[in-house]
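Look over the model before reading on. Then follow the text through it, one part at a time.

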Amino acid sequence: TPNADDVGKRLRVDVVGPYGGNPVIATSAQVSVGSTLQAQLTKMGKTSKSAFALRVSPTGEAAQLELSKGVLKIKPKSGKAMKHPLPAGVTVTLDAYEETAFSLTLGRTRDAPQQSLSYTAESAGFRDLLALYLRSVTKEVAPTRSARDDGDGGGEFLDDQKKVPTSFNDFGTPDSDDEAEGEEEAFRPAIEVKILPAGQEIAAPSLHQLKSSFILGAPPGRPRSVADGRRSSDTVDSPPAKHAVAAALPSAPTSVPESPTQPPSPQHRPLRNGTAAPPAAPTRSAQRKEAAAYQLTVQETITALFDGAKVRQFKAIGELHAAQLEGAVDIKELSAFKFALERTDKTSNLQLNGKVLRRQSESTFDFAVALTPPSNNEPVPLLRYSSIPNWAPIPLKVVPQWSLNSAQGAARLVVLILTHPNLKQGLRDIALRITVPDAKALISADPNAIWDEETHELAWELAHLMPEKAPRRYTATFRGSPGAPPGTPQPLRVQFRCEGTTLTNLTPRPTDRGREGQLSASVVRRFVAGKYEIAVPPPNGSAAS
């Protein structure tokens with residue numbers, strides 16, 4: 001059904017029979033606003049106040065949206081009302097699946113940062129009316145350039161417009177073109193260049209000069225946090241000569257994968273869990289091993305059950321481990337280091353491994369770790385947590401549809417998939433699997449699918465899926481028996497993974513790397529699909545077209 005997003009466009013329908021063949025194409029006239037809806041928009045423009053009944057997503061709490069004298073006011077049933085001036089901008093984004101769901105992105109004002117809120121309207125008509133009116137009286141909100149624009153260093157996965165750190169270099173590097181805010185630092189050149197007169201030779205430096213000079217590959221000073229809005233790092237002080245070799249070790253290697261067009265660097269070695277290890281340290285001897293022995297690794301596993309497009313159950317379980325780095329120095333004594341947990345507002349039920357982990361204060365999320373020399377190379381579990389209730393940012397929205405052609409004994413499966421818009425790096429290793437026990441054969445699949453004739457399992461596999469404006473469409477047609485098409489299969493099983501972020505945004509940050517930097521400065525974050533299943537709704541019609 002056309003909605004407010006389709007005004008001014010044309011709809012095209014391609015129809016193909018269950019056994020293939022040339023498609024029949026029909027194109028509509030340009031979609032326009034109906035007379036009834038136009039009359040309502042005109043009336044709203046003349047009245048001083050208009051109100052809409054809404055429900056907050058995903059909690060379902062009743063709320064009222066009012067438009068009056070250039071101000072948008074949202075009054076929830078419980079809690080404080082929120083006011084937003086329309087000149088600051090409002091973007092209305094209609095949900096691609098639910099005909100009553102939408103989100104409002106409110107532009108940044110002097111008193112509030114840019115924010116995104118999700119609601120459902122009483123009907124699809126009221127949603128279209130609100131969207132068309134807001135788009136006619138206010139400007140759209142431009143996406144923020146980084147999380148520092150919001151005044152804090154956080155950001156939420158649910159905020160479609162907030163920039164969320166999703167990889168280790170997501171906020172740029174010291175060479176970034178972004179301007180630093182606040183007081184400028186004095187520029188201190190690391191190398192001095194002089195033009196000597198003709199014939200004058202360059203004198204070799206003395207041993208004392210060599211010892212006092214800077215060391216290539218020395219770790220940078222501790223960078224300022226993203227929250228304070230600065231991009232540059234502190235000035236590096238030259239380390240004492242006796243620590244020259246240790247200072248040459250990299251302090252904070254990134255875990256950004258190299259370009260697929262280039263061969264992998266011999267300095268990168270894979271970890272047991274398949275992620276990239278920090279690059280080998282530049283040392284005096286190629287045989288010397290890197291100092292860091294452990295790396296913090298956090299992984300969240302998502303359990304989600306859906307009835308069609310409706311969420312029935314959603315939960316993320318996270319585990320933080322101290323993973324041993326391959327190629328690190330042999331661990332022969334106690335390893336002690338400290339870390340802090342940041343962005344914990346979407347987590348609950350924190351459980352600590354009391355044998356190795358100690359919380360330094362009940363009022364903070366600072367922890368101290370003490371690990372005895374390991375007997376094997378298995379990661380050491382540090383803590384476990386879960387996501388808060390009534391919070392469900394769907395990383396991959398999957399909506400299946402099942403239709404029948406009883407006369408020909410055929411059935412068609414249509415699957416729509418869409419990655420959450422905040423996952424800027426996309427999802428990887430996506431797999432859609434479903435077993436159709438009554439199917440005699442797979443007639444066609446678009447795109448091509450894997451069909452197992454023995455188990456009657458259909459599988460689509462996709463290496464990478466970025467966020468897109470419209471959902472991708474997957475179709476498969478099955479043949480049953482004449483007069484007895486295949487029954488509705490259950491359930492549709494989904495797999496995927498995402499590297500560089502967690503669903504809850506929880507972030508471990510090393511605060512004390514221990515003696516000689518036993519803990520790596522980089523942190524691995526990821527989330528994966530566990531039991532992620534969608535119940536296929538019963539057939540919505542008698543024809544598979």
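**A helix and its two sides**

Helix 1 has three buried residues to find: Leu37, Leu41 and Met44. Buried means under 20% relative accessible area, exposed means over 50%, and partly exposed lies in between (1.4 Å probe, protein chains only). Seen down the axis of helix 1, the buried residues fall within an arc of 60 degrees, so they line one face. The arc is taken from the directions that run from the helix axis to the C-beta atoms. Ser35, Thr36, Lys43 and Lys46 are exposed on the other side of helix 1.

What covers the buried residues of helix 1? The cover includes strand 3 (49-56), strand 4 (62-68) and helix 2 (124-137). Helices (H or I, at least four residues) and strands (E, at least two) are DSSP runs, numbered from the N terminus.

Now check the length. Helix 1 covers residues 35-46, which makes twelve residues. At 1.5 Å a residue, they should span 16 Å, and the end C-alpha atoms are 17 Å apart, which agrees. The expected span is 1.5 Å times one less than the number of residues.

**How far to trust the model**

This is a predicted model: local features need pLDDT of at least 70, side-chain atom pairs count only at pLDDT 80 or more, and totals for chains, interfaces and linings use all residues. Residues are numbered from 1 along each chain as its sequence is written, and side-chain values use heavy atoms, with hydrogens and water left out.

The pLDDT is the predictor's confidence in each residue, from 0 to 100. The protein chain averages 74, and 69% of the residues score at least 70. Over residues 145-193 the pLDDT is below 50, and this stretch has 105 contacts beyond near neighbours in sequence. A contact means heavy atoms within 4.5 Å. Residues 208-290 also stay under 50, with 128 contacts beyond four places in sequence. Where pLDDT is low, the predicted coordinates should not be read in detail.

**Backbone exceptions**

Most residues other than glycine have a negative phi, and most peptide bonds are trans. Asn349 is not a glycine, yet its phi is positive, about 55 degrees. Asn349 lies in strand 13 (residues 347-352) and is exposed, with a relative accessible area of 51%. His456 has a positive phi too, about 60 degrees. His456 sits in the loop between strand 21 and strand 22 (457-465).

Which residues does a cis peptide bond join, with omega about -5 degrees? They are Asp446 and Pro447. Pro447 is in the loop between strand 20 (441-446) and strand 21 (450-452). The bond from Gln490 to Pro491 is also cis, with omega near -25 degrees.
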